[in-house]
Amino acid sequence: MISISCHSKQKDSFSIVEQNVLVLSNEWVNDEYKKMTVTAPAPTLAALPGQFFHLLCPPSGENLSFLRRPMSIHGVNQEANQLEFLYKVQGTGTRNLAALTRGEQLNLLGPLGQGFSLSPSPKHALLLGRGVGLATLTPLAAPVIKAGGKVTAVLSVRRPDLIMAHDTLSEAGATVYCVNDTDQSSDVNAVRQLLEQLHAKEPFDFLTTCGSNRLTVMLQQFGKNHQLDGQVALEQHMGCALGMCFACVLPLKNTTSNAISYQRVCLNGPVFDLQEVLA
């Protein structure tokens, strides 16, 4: 195991480890996504919602993945020493991950990046996720509810059968709304109207989103209109995931001066202020 320490804006420091862990399960949740559960050493269990791990995809025949794959944390079970990842199987790397079975080893590096910054006393948090963005936002529900807050999750997918994390969020105590492309309930204007209705009944005080540029732009305007703080978890291809290669740089806007700066998603993010993002 290789271990280093990293400075974080959430706490003074956290340990980053590279370690081989055991796959406990790796099952399909629908036609496109799998959920993998692995054993986890103590340092990785301190991972915060919004942080991620860099997974070394195993080779499979002639299918080789030269770069690791960044994958957000879908769940942390500290009592059982387990981590969960929810991922879409769509390329060489994730197809090789999908082939892993119980008892095989997976090399992971993490936890990495900056997670969500939660208020000590949240009142009503919105989780607006699209596709695999649902995996990133799901771990937020438990700490908000534990702190005495309410969570409303709006899950957006292409088809109803691709809905994920509904049961996990409901069991955590969140109120869940599902929208999809099939009946056009996931249209940006339709989602905006839904948020306006929910906010009128019980105002949000914290907005989060992941997985869709269109929803991010809409939520930025929603936040401005209602003077609400928010955060967004960005998805980006990465090289080292440690801030050294600058392969994941994106332009962001300073919310005070409007000045543009280029920041590394792996190190400065992947979670950023909602209004900083240039979608």
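Biologist: Which polar atom lies 2.9 Å from the side chain of Q231?

Modeller: The backbone oxygen of S117 lies 2.9 Å from a polar atom of that side chain. A polar contact is a pair of N or O atoms within 3.5 Å; within protein, one must be able to donate a hydrogen and the other to accept it, and residues adjacent in sequence count only if both atoms are side-chain atoms. This is a predicted model, in which local features need pLDDT of at least 70 and side-chain atom pairs count only at pLDDT 80 or more, while totals for chains, interfaces and linings use all residues. Residues are numbered from 1 along each chain as its sequence is written, and side-chain values use heavy atoms, with hydrogens and water left out.

Biologist: Why is Q231 called buried or exposed?

Modeller: Buried means under 20% relative accessible area, exposed over 50%, partly exposed in between (1.4 Å probe, protein chains only). Q231 has 13% relative accessibility, so Q231 counts as buried.

Biologist: How do you know that the span of helix 5 agrees with its 14 residues?

Modeller: The expected span is 1.5 Å times one less than the number of residues. For helix 5 (residues 188-201) this gives 20 Å, and the end C-alpha atoms are 20 Å apart, so the two agree.

Biologist: What makes the buried residues of helix 5 line one face?

Modeller: The buried residues are V188, V191, L194, L195, L198 and H199. Seen down the axis, they fall within an arc of 130°, so they line one face of the helix; the arc is that of the directions from the helix axis to the C-beta atoms. On the other side, Q193, Q197, A200 and K201 are exposed.

Key:
Helix = DSSP H or I, 4+ residues; strand = E, 2+ residues; numbered from the N terminus.
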